[in-house]
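Biologist: Could you take me through this model and tell me how each label is earned? I would like to see the reasoning behind the words.

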Amino acid sequence: MSNKRTLDGFFKPAESKRPKIEASQEVSSHASYPYPIPHLPCSITDALGFAPAAEAKAINDQPDLDLLHFQPYIPKDVQADLFKFLRREFFFYRVQYTIKRGSIQTQINTPRYTTVFGVDETSYFGVDGSLLESKTKQPVPKDRYKCMPRPLPQCLDVLRKITEGTAGETFNFCLVNYYANGNDSISYHSDDERFLGPNPAIASFSLGAKRDFLMKHKPAPMSMSEPAKPEAKPLKLLLASGDMILMRGTTQTNWLHSIPKRKGADSGAGRINITFRKALVRGGTENYYQYNVGSGGIFRWDNKKQEMVSWKATEGSPTPGPPGTVSLTA
Ligand SMILES: O=C(O)CCC(=O)C(=O)O
């Protein structure tokens, strides 16, 4: 077929030719989900078969730093559809919690929307969605977790499997951040919790608006016996839609990263970040659900209002099945 646009096509806005991302008839549902999540439309799943869309650039020219930057990882023709699909279908949270320093309690309002799926290595989800012990394959006692772990929906599991192939690592957790605009952010931190084990690999995807990803070396501990290492320079990467950063080796132990607030170009648009990780022990599961689901309300994308709105189950809205029901890959 010729690539030339016909006269007819010339007068129609190109946008109107694009089919809307159709919702799949199949869904992932689980007793822990507020509502089912449709499977990825075939057009997106098929295109993901071509990922990674570009070879990675290695960034390892600084002390203790080992990064791969794929620009992009997600093929260009489905980046926008995947972003819109995930923003439309996921349930999000705006988590609040308190920290105590000495006698002073401070309330923290997480400055972005979050959601999380997965369970640590000591448990896994059976085909019926129930939690089983990895060692014994027996049901996990009801009081094992304070939180209610959620299996990865099919739409994230597809991406997890492809990412595992690229990274040569396995992942059991997926954290999702939605930055509604340039005012949403994540402050400097490292993903170096003990429940991730030594030298954890973390694959981090960007979809939607461009944002800066800042990195700086942790202050070196003062040591009389060891010679001073060469000074590490701070790093700024511009993350675009479809990019993936694989952080590995000694990166988390030694470097901090952040997404600062943004003004100017792209600051009015939303961005989704997806990270795949592997938690080894129960503490990881408790931590991730506490800080990414919490105990507050649910938010869902409202396409008319073009913003996240508070979501409540209403009569007639799809409800999760009884505990244990699941259709993960059906
Ligand atoms: O949004 C990003 O790119 C970074 C997210 C992040 O650092 C995290 O979730 O720990």
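Modeller: Happily, and let's begin with Arg 94, which is partly exposed because its relative accessible area is 29%, and that falls between the cut-offs (buried is under 20% relative accessible area and exposed over 50%, with a 1.4 Å probe and protein chains only). Please keep in mind that this is a predicted model, where local features need pLDDT of at least 70, side-chain atom pairs count only at pLDDT 80 or more, and totals for chains, interfaces and linings use all residues. Residues are numbered from 1 along each chain as its sequence is written, and side-chain values use heavy atoms, with hydrogens and water left out.

Biologist: What makes Arg 94 and Asp 184 a salt bridge?

Modeller: The term asks for a side-chain nitrogen of Lys or Arg within 4 Å of a carboxyl oxygen of Asp or Glu. For Arg 94 and Asp 184 the closest N and O atoms are 2.9 Å apart, so the pair fits the definition. The partners are 90 residues apart, with Arg 94 in the loop between helix 3 and strand 5 and Asp 184 in the loop between strand 10 and strand 11. Helices (H or I, at least four residues) and strands (E, at least two) are DSSP runs, numbered from the N terminus.

Biologist: Why is Asp 184 called buried?

Modeller: Because its relative accessible area is 5%, Asp 184 counts as buried.

Biologist: How do you know that the charged end of Arg 94 sits over the ring of Tyr 113?

Modeller: The charged end of Arg 94 is 4.5 Å from the ring centre of Tyr 113. The rule wants NZ of Lys or CZ of Arg within 6 Å of the ring centre and within 35 degrees of the ring normal. Lys 216 also lies over a ring face, that of Tyr 188, at 4.2 Å from the centre.

Biologist: How many salt bridges are there by this rule?

Modeller: The count comes to 11. Among them is Asp 191 with Arg 277, at 3.5 Å from N to O. Asp 191 lies in the loop between strand 11 and strand 12 and Arg 277 in strand 17, so this bridge ties together parts 86 residues apart in sequence. Both of these residues are buried. Another is Lys 218 with Asp 192, whose closest N and O atoms are 2.7 Å apart. Asp 157, Arg 160, Lys 161 and Glu 164 are linked in a network of salt bridges.

Biologist: Why is the ring pair of Tyr 33 and Phe 91 called tilted?

Modeller: Rings of Phe, Tyr and Trp (its six-membered ring) pair if their centres lie within 6.5 Å; planes under 30 degrees apart are stacked, over 60 edge-to-face and the rest tilted. Tyr 33 and Phe 91 have centres 5.5 Å apart and planes at 55°, so they form a tilted pair. Tyr 33 and Phe 91 are both buried. The structure holds 19 aromatic pairs, and ring pairs join Tyr 33 and Phe 91 to others, including Trp 301 and Trp 311, in a cluster.

Biologist: What makes a nonpolar core?

Modeller: It is a set of buried Ala, Val, Leu, Ile, Met, Phe, Trp, Tyr and Cys residues joined through side-chain atoms within 4.5 Å. The largest one has 76 residues, and Leu 156 is one of those that touch the most other members. Strand 10 gives the largest share, six residues. Contact means heavy atoms within 4.5 Å, and Leu 156 touches Phe 90, Ile 274 and Phe 276, among others.

Technical notes:
Lists of a residue's contacts leave out its neighbours within four places in sequence.
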